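The following exercises train the reading of a protein model, one step at a time. Please attempt each task before turning to its solution.

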Amino acid sequence: MNAVRSAGRPTDRRVPARRPGGSGPLFAAPFLVFFVLFLVVPLLWGLWLSFTDSSLTGRGDAAFAGLGNYTEALTDSRMWESIGNTVVFTLLSTVPLVLFALVMALLVHTGLPGQWLWRLSFFAPYLVPSAVVWQVGVLLYQPDSGMLNTLLQSAGLDAIAWLDDEKYAMWSVVLITVWWTVGFNFLLYLAALQAVPEHLYEAAAIDGAGAWRRLWSITLPQLHRTTALIGVLQILASLKVFDQIFLLTKGGPNGATRPVLEYIYDTGFTGYRLGYAAAMSYVFFALLLVLSVGQFKLFARKEV
């Protein structure tokens, strides 16, 4: 009887039931290996170094220093000065990087002629490496023949030492950072604008809403999640600034633009104090962690 029933279903193939968790560990194994080797082990090794007086030269045995490095870091005026420079850079760069990206995305989304050219022009600087950014900075800020001083002198004004004057050095770095990185935020805003439901604009048009009314009542509220995401990502990225400042000013003049990561780099690789540099890294990591948790709670409260 069973044979007759089987003959009536010629294409009945039974798929063997999957055992839960059968192949999952194999797929996750390569990631876990890299995660442990390149994140967990360096974190633990750096934490151990922060409690020792290890030197980059490796001379002698590193003595256990306890909380000495952390105590020195918390009372190091140069470290707090570099953290202050990092905060100033973050405040000066985050606002234009959000606003300019939004304006650029709105201009492209509203249908400027030659959209592919505008998209390419706005996003292309984000793709160039740090060395090209440094070369652009030289062309802009060179004291004698830089583009900015050429414009000033053609207008009858005096040339400015953009990278060598403490009044202008940080602003110069911020300007070139905005040009370099605004394309990423522009792309996020452009994708978010394309996801706004079209029927909202159609209903607003029927009600007689103008362009500004549609912007304030539809577009900006629909973009609030994207704005929150860009704000968080931009603040964290600006707090980790290093390469463009190192290439353009090397932290000068007189440490006016030196971020905390450059001070940690100088301490570890120029001053050879690996243990103290590791301790400063963990102090800065703790500050970033507190800031991230605060941002998360702030935006979570707004979502409620």
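**Exercise 1. The overall fold**

Task: Determine in which order the elements of the chain run from the N terminus on, and state how many helices and strands there are.

Solution. The model is a predicted one.
Step 1. Starting from the N terminus, the elements read α-α-α-α-α-α-α-α-α-α-α-α-α-α.
Step 2. Counting them gives 14 helices and zero strands.
Step 3. The chain has 304 residues, and 33% of them are buried.
Step 4. The chain exposes about 19400 Å², of which carbon and sulfur atoms supply 68%.
Step 5. Take the contacts between residues at least 6 apart in sequence: 67% of these join residues at least 24 apart.

**Exercise 2. Annotated regions**

Task: State where UniProt places the feature "transmembrane region", and describe residues 168-191 and 274-294 in the model.

Solution.
Step 1. An unreviewed UniProt entry places the feature at residues 26-48, 87-108, 120-141, 168-191 and 274-294.
Step 2. Residues 168-191 are 100% helix and 0% strand, with 35 Å between the end C-alpha atoms.
Step 3. Residues 274-294 are likewise 100% helix and 0% strand. Their end C-alpha atoms are 30 Å apart.

**Exercise 3. Two helices and their ends**

Task: Compare the span of helix α4 with the expected value, do the same for helix α8, and examine the ends of these helices.

Solution.
Step 1. Helix α4 covers residues 77-109, which makes 33 residues. The expected span is 1.5 Å times one less than the number of residues. For α4 this should give 48 Å, and the end C-alpha atoms are indeed 48 Å apart.
Step 2. At the start of α4, a side-chain oxygen of Asp-76 comes within 3.0 Å of the backbone nitrogen of Arg-78. After α4 comes Gly-111, with a positive phi near 100 degrees.
Step 3. Helix α8 has 29 residues, 166-194, and reaches 43 Å from its first C-alpha to its last; this is close to the expected 42 Å.
Step 4. The N-terminal end of α8 is capped by Asp-165, which has a side-chain oxygen 2.9 Å from the backbone nitrogen of Lys-167.
Step 5. At Thr-181, α8 bends by about 45 degrees.

**Exercise 4. Unusual backbone geometry**

Task: Identify which residues a cis peptide bond joins, then locate Lys-250 and Tyr-272 and describe the phi angle of Lys-250 and of Tyr-272.

Solution.
Step 1. The cis peptide bond lies between Gly-252 and Pro-253, with omega at about -5 degrees. Pro-253 belongs to the loop between α12 (243-248) and α13 (260-270).
Step 2. Lys-250 is in the loop between α12 and α13 too. Although Lys-250 is not a glycine, its phi is positive, at about 55 degrees.
Step 3. A residue counts as exposed over 50% relative accessible area. Lys-250 has 56% relative accessibility and therefore counts as exposed.
Step 4. Tyr-272, in the loop between α13 and α14 (274-303), is not a glycine but has a positive phi of about 65 degrees. Because its relative accessible area is 41%, Tyr-272 is partly exposed.

**Exercise 5. Three residues and their surroundings**

Task: Decide whether Ser-54, Asn-69 and Leu-247 count as buried, partly exposed or exposed, and find what each touches.

Solution.
Step 1. Buried means under 20% relative accessible area. With 12%, Ser-54 counts as buried. Ser-54 lies in the loop between α2 (24-49) and α3 (68-74). Beyond its neighbours within four places in sequence, its contacts include Ala-62, Tyr-272 and Arg-273. The C-alpha atoms of Ser-54 and Phe-64 are 8.8 Å apart.
Step 2. Asn-69 is in helix α3; with 6% relative accessibility, Asn-69 counts as buried. Its side chain reaches the backbone oxygen of Ser-50 at 3.0 Å, and a polar atom of that side chain lies 2.7 Å from the backbone oxygen of Thr-52. Among the other contacts of Asn-69 are Arg-273, Gly-275 and Tyr-276.
Step 3. Leu-247, in helix α12, has 29% relative accessibility and so counts as partly exposed. Outside four places in sequence, Leu-247 touches Ser-130, Ala-131 and Trp-134. Leu-247 and Gln-135 are 112 residues apart in sequence, with 9.4 Å between their C-alpha atoms.

Key: Residues numbered from 1 in each chain as written. Predicted model: local features only at pLDDT ≥ 70, side-chain atom pairs only at ≥ 80, totals over all residues. Heavy atoms only, no water. UniProt positions renumbered as here; feature names shortened; annotations may be inferred. Helix = DSSP H or I, 4+ residues; strand = E, 2+ residues; numbered from the N terminus. Buried < 20%, exposed > 50% of the residue type's maximum accessible area, 1.4 Å probe, protein only. Contact = heavy atoms within 4.5 Å. Areas by Shrake-Rupley, 256 points an atom, 1.4 Å probe, with all protein chains shown as cover. Bend = angle between axes of the 7 residues up to and from the residue. Polar contact = N/O pair within 3.5 Å; in protein donor to acceptor, adjacent residues only side chain to side chain.
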